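Good morning, and thank you for joining. I would like to take you through one structure, beginning with its ligand site and ending with a single side chain.

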Amino acid sequence: MTETYSGENIFAKIIRGEIPAHRVFEDADHLVMMDIFPQSRGHSLVIPKAPSRNLLDAAPDTLASSIRVVQSVANAAKHALEADGIRIMQFNEAAAGQTVFHLHFHVIPIYTGTQVGAHAQLRADDAELATMADAIRKAMI
Ligand code: AMP
C-alpha cells in the first residue's frame, strides 16, 4: 500500500505557524526546532519544508539540502552543549517507529555515561527547551 502525504500533520502546522515551536533556525527550505519530548538534552529536529512523508518519497534535492543542515546543527549542538557525540536518527513509516508523517531528522546529542531516553515520552520544560534552542542557534552563526 502506498501512503500519501497529508498537510494536516503537526510539523506541517508548525511550518505554517499554526502551532508554536522552539525554533532554532529557519530559512526558505528548512525549519530546525527542539523536540518537545527529547531523548537527550538538546535533541532537535531538522525538517525540510517541502511536503513528503519521509525519506522514501522525498525529492533527492530535498535530501541533499537537508543533510547539510543536519551537519550544521550537529556540529553546533556538539559544540554548544559540550556533547561527546551526536546520533542522527530518521524513521520511515509506522512500522519503523515514525510517529509524525512529515520528513524529519533527529539530531540527538550523546553524553558519555548518560543513557538516551525513550522515544517521544517525556515532555521537556519549555524554559529548558528555549535555552537549548538559543545555545544551538548561537553556535550555528
Ligand atoms: P518520529 O517518531 O521520528 O516521527 O518523531 C517525531 C518526533 O516529534 C518525536 O521525537 C516527538 O517527540 C516529536 N514531537 C511530536 N510533537 C512535537 C511538537 N509539537 N513539537 C516538537 N516535537 C514534537
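A pocket, as the word is used here, is an open set of grid points with protein on both sides within 12 Å along at least five of seven lines. Please keep in mind that this is a predicted model. In this model, the ligand occupies the space of the largest pocket.

Let me turn to the shell around the ligand. There are 18 residues in it, and those that come nearest are Asp35, Thr99, His104, His106 and His119. By class, eleven are nonpolar, six are polar and one is charged. Helix 1 (10–15) and strand 2 (30–34) each contribute at least two residues to the shell, and helix 1 provides the largest share, with three residues.

Which atoms of the protein make polar contacts here? In the side chain of His119, an N or O atom lies 2.5 Å from an oxygen atom of the ligand. Asp35 also places a polar side-chain atom 2.5 Å from a ligand oxygen. Ile36 takes part through its backbone, where an N or O atom is 3.4 Å from a nitrogen atom of the ligand. Of the 500 Å² of accessible area that the ligand has on its own, the protein covers 94%.

Finally, I come to Gln98, in the loop between strand 4 (85–89) and strand 5 (105–110). Is Gln98 buried or exposed? Gln98 counts as buried because its relative accessibility is 4%, and the cut-off for buried is under 20%. Its side chain reaches the backbone oxygen of Arg53 at 2.8 Å. A polar atom of the Gln98 side chain also lies 2.8 Å from the backbone oxygen of Val100.

Methods
Residues numbered from 1 in each chain as written. Predicted model: local features only at pLDDT ≥ 70, side-chain atom pairs only at ≥ 80, totals over all residues. Heavy atoms only, no water. Near = heavy atom within 4 Å. Polar contact = N/O pair within 3.5 Å; in protein donor to acceptor, adjacent residues only side chain to side chain. Areas by Shrake-Rupley, 256 points an atom, 1.4 Å probe, with all protein chains shown as cover. 1 Å grid on protein atoms, 1.4 Å probe; cavity = no way out; pocket = protein on both sides within 12 Å on 5 of 7 lines; lining within 4 Å. Sits in = over half its atoms within 2 Å of the grid points. Helix = DSSP H or I, 4+ residues; strand = E, 2+ residues; numbered from the N terminus. Nonpolar A, V, L, I, M, F, W, Y, C, P; charged D, E, K, R; others polar. Buried < 20%, exposed > 50% of the residue type's maximum accessible area, 1.4 Å probe, protein only.
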